[in-house]
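Student: Got a minute to go through this structure with me? I have short questions.

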Amino acid sequence: MPPRIRTRPLIFAALTLGLQLAGCAAVHPVNQPLREVDPDGGYRWGAGRRPDNDPGTLLILTFSGGGARAAAFSYGVLEELRRTEVRAPSGSRRMLDEVDFITGISGGSFTALSYALYGERLFSEYERRFLKRDVDAALIERALRPLNWGRFRSEIAADYYDEILFGGATYGDLMTKGMPTTIVGATAISLGARIAFAQGNFDVLCSDLRTFPLSQAAAASSAVPVVLTPLTLRNYGGSCGYRLPPWAETGFRSREGAWPGNRFEQRLRALQLLSNGRERPYLHLVDGGIADNLGLYLIIEELQELEASRAFRAAFGLGGLRRIAIIVVNAHSNPDLGWEKDPLPPPDIALLLQAVSVPIDRYSYETLDALQDLITEWTLRREAQRQAVHPAADALPAIEFSVVNVSFDELPDAAERRYLLNLPTRLSLPPEDIDRLRAAAGQLLRGSAAFQKLVRDLSADGGAARVAP
């Protein structure tokens with residue numbers, strides 16, 4: 001078990017000071033208005049297919065929350081994908097180059113956004129810039145500076161992330177990188193709604209994502225309640241002529257075979273609430289893990305509408321797609337807090353933080369079940385359509401689904417598994433723990449039958465994966 005990291009008194013001082021002065025702070029939302037919606041413009045899901053990889057496979061990575069534990073674990077997955085080669089008659093290519101989409105939540109958002117911005121440079125700079133830097137200490141020190149008194153803690157954090165990692169980059173900068181489309185998520189706390197940093201979501205708010213800083217997105221996605229303040233967006237909804245796309249309106253009217261309780265339909269209704277900027281002029285965003293700690297619902301909603309709406313399938317463009325593969329990187333924790341051995345109740349702050357983390361971890365299992373339910377439903381509908389006497393013209397395409405679950409629970413070494421599950425959720429960990437997390441990610445992928453099958457399937461000659469030295 002890793003050594004118990006006691007919360008330093010300085011943290012409580014910073015929290016107390018921030019809470020006392022928060023009422024003096026002025027709100028300065030950084031998101032800019034959008035004059036008119038352009039369905040083909042901006043940083044969107046549909047722009048994610050990379051032209052130079054296998055057109056028959058849509059490869060998606062989802063990076064969970066979990067502070068530095070999640071950031072290091074997801075980075076280790078990227079490292080292993082970079083080492084893994086797919087052999088084909090035309091030559092070898094890296095598994096990393098097959099990735100089309102990445103989602104990131106909280107700690108995982110730092111790795112996701114950094115890879116989208118840095119590309120290959122990530123593997124020479126990320127450790128120095130972020131992973132092995134004492135981010136916690138730096139944030140506390142900055143919060144205690146007199147010049148920062150009265151500023152919101154997430155605003156201070158965003159400035160620091162921009163200084164050490166993002167360098168003023170915005171989503172507009174990502175549009176020219178040729179990297180996988182990368183979507184990070186936060187939670188609109190008053191509605192409990194997921195807010196994805198994608199132009200489709202920002203269209204609803206009549207806001208232009210292209211000018212939005214990556215540092216602010218990471219700060220919102222990782223704004224753990226109490227520890228950090230919410231990050232506020234201005235809601236300009238209703239001022240840019242936004243309307244639900246035709247496939248969504250059709251889905252509302254006819255349901256197109258969608259079952260009651262369709263999660264995508266529920267999501268659309270939440271977006272309708274968000275589109276009224278007069279009633280809800282401000283949105284206060286907190287840690288994305290509260291609504292979707294695995295980053296999977298960002299994917300599930302898209303897949304579910306692909307299944308439910310032929311109009312959306314046509315708009316998305318599924319021609320030639322044979323396989324959808326999802327690598328779920330789950331850096332969940334299961335710490336032994338030792339509270340059951342102490343007759344005294346836990347401290348209030350510790351209790352409050354645990355009350356936030358427990359539902360996040362438990363909800364993650366339900367999200368995995370939701371993904372499996374969707375795959376099963378797609379498969380059953382596809383089989384029923386195939387056996388029909390008169391197959392429908394809009395039948396579901398024959399797509400194979402592959403899910404690779406990368407989590408500490410799969411580690412064969414019980415001692416190592418217990419150690420990593422007990423690592424705290426902070427933005428800083430000792431360098432040796434960062435390296436153990438990276439090594440565990442590589443070990444899990446190499447030992448995953450589902451991952452190895454995926455690599456073989458991507459090889460034109462059916463050969464096995466080869467790990468580069």
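Student: Start with Asp-457. Is Asp-457 buried, exposed or partly exposed?

Tutor: Keep in mind that this is a predicted model. Asp-457 is partly exposed, because its relative accessible area is 30%. That value falls between the 20% and 50% cut-offs.

Student: Which residue does Asp-457 form a salt bridge with?

Tutor: Lys-453. The closest N and O atoms are 2.8 Å apart. Lys-453 has 38% relative accessibility, so Lys-453 also counts as partly exposed.

Student: How far apart are Asp-457 and Lys-453 in helix H18?

Tutor: They are 4 residues apart, which means about one helical turn separates them. An α-helix has 3.6 residues a turn, so residues three or four places apart point the same way.

Student: What about Arg-83 and Glu-80?

Tutor: Their side chains meet in a salt bridge, at 2.6 Å from N to O. Both sit in helix H2, 3 residues apart, so about one helical turn lies between them. The burial differs. Glu-80 is buried, with a relative accessible area of 1%. Arg-83 is partly exposed, at 27%.

Student: And Glu-125, which residue is in a salt bridge with that one?

Tutor: Arg-128. The closest N and O atoms are 4.0 Å apart. The two are 3 residues apart in helix H4, about one helical turn. Glu-125 is buried, with a relative accessible area of 13%, whereas Arg-128 counts as exposed at 53%.

Student: How many salt bridges does the structure hold?

Tutor: It holds 25. Some form a network: Glu-79, Glu-127, Lys-132, Asp-435 and Arg-438 are linked that way.

Student: Arg-438 is in H17, right? Which residues of H17 are buried?

Tutor: Yes, Arg-438 is in H17, and it is one of the buried residues. The others are Asp-433, Ile-434, Leu-437, Ala-440, Ala-441, Gly-442, Leu-444 and Leu-445.

Student: What do the buried residues of H17 pack against?

Tutor: Four helices and a strand: H2, H4 (122-131), H16 (414-421) and H18 (449-458), plus strand S12 (400-407).

Student: How does the end-to-end distance of H17 compare with what 1.5 Å a residue should give?

Tutor: It agrees. Helix H17 runs over residues 431-446, so its 16 residues should span 22 Å, and the end C-alpha atoms are 23 Å apart.

Student: Back to strand S12. Is Ser-402 buried or exposed?

Tutor: Ser-402 lies in that strand. It counts as buried, because its relative accessibility is 12%, and the cut-off for buried is under 20%.

Student: What does Ser-402 touch?

Tutor: Leaving out residues up to four places away in sequence, Ser-402 touches Ile-324, Ala-325, Ile-326, Ala-450 and Leu-454.

Student: New topic, the largest nonpolar core. Which residues touch the most other members?

Tutor: Leu-81, Tyr-161, Tyr-171 and Phe-197, out of 122 residues in that core. Helix H2 (residues 67-83) gives the most to this core, with 9 residues. In soluble globular proteins, nonpolar side chains tend to be buried together.

Student: Take Leu-81. What is Leu-81 in contact with?

Tutor: Setting aside neighbours within four places in sequence, Leu-81 contacts Leu-61, Arg-94, Met-95, Leu-96, Val-99, Ile-327, Leu-445 and Phe-451. You met Leu-445 among the buried residues of H17.

Student: Switching again. How many disulfides are there in the whole structure?

Tutor: The search finds 1. It joins Cys-206 to Cys-240, with S to S at 2.1 Å. The link is left-handed, with -75° about the S-S bond.

Student: Where do Cys-206 and Cys-240 lie?

Tutor: Both are in loops. Cys-206 is between helix H8 (199-204) and strand S8 (207-208), and Cys-240 is between strand S9 (231-234) and helix H10 (246-254), so the pair ties together parts that are 34 residues apart in sequence. Both cysteines are buried.

Student: Last one, the whole chain. How many helices and strands?

Tutor: The protein chain has 18 helices and 13 strands. Of its 469 residues, 54% are buried. The chain exposes about 20400 Å², and carbon and sulfur atoms supply 54% of that area. Among contacts between residues at least 6 apart in sequence, 81% join residues at least 24 apart.

Methods
Residues numbered from 1 in each chain as written. Predicted model: local features only at pLDDT ≥ 70, side-chain atom pairs only at ≥ 80, totals over all residues. Heavy atoms only, no water. Core = buried A, V, L, I, M, F, W, Y, C linked by side-chain atoms within 4.5 Å. Buried < 20%, exposed > 50% of the residue type's maximum accessible area, 1.4 Å probe, protein only. Contact = heavy atoms within 4.5 Å. Expected span 1.5 Å × (residues − 1). Areas by Shrake-Rupley, 256 points an atom, 1.4 Å probe, with all protein chains shown as cover. Disulfide = S-S within 2.5 Å.
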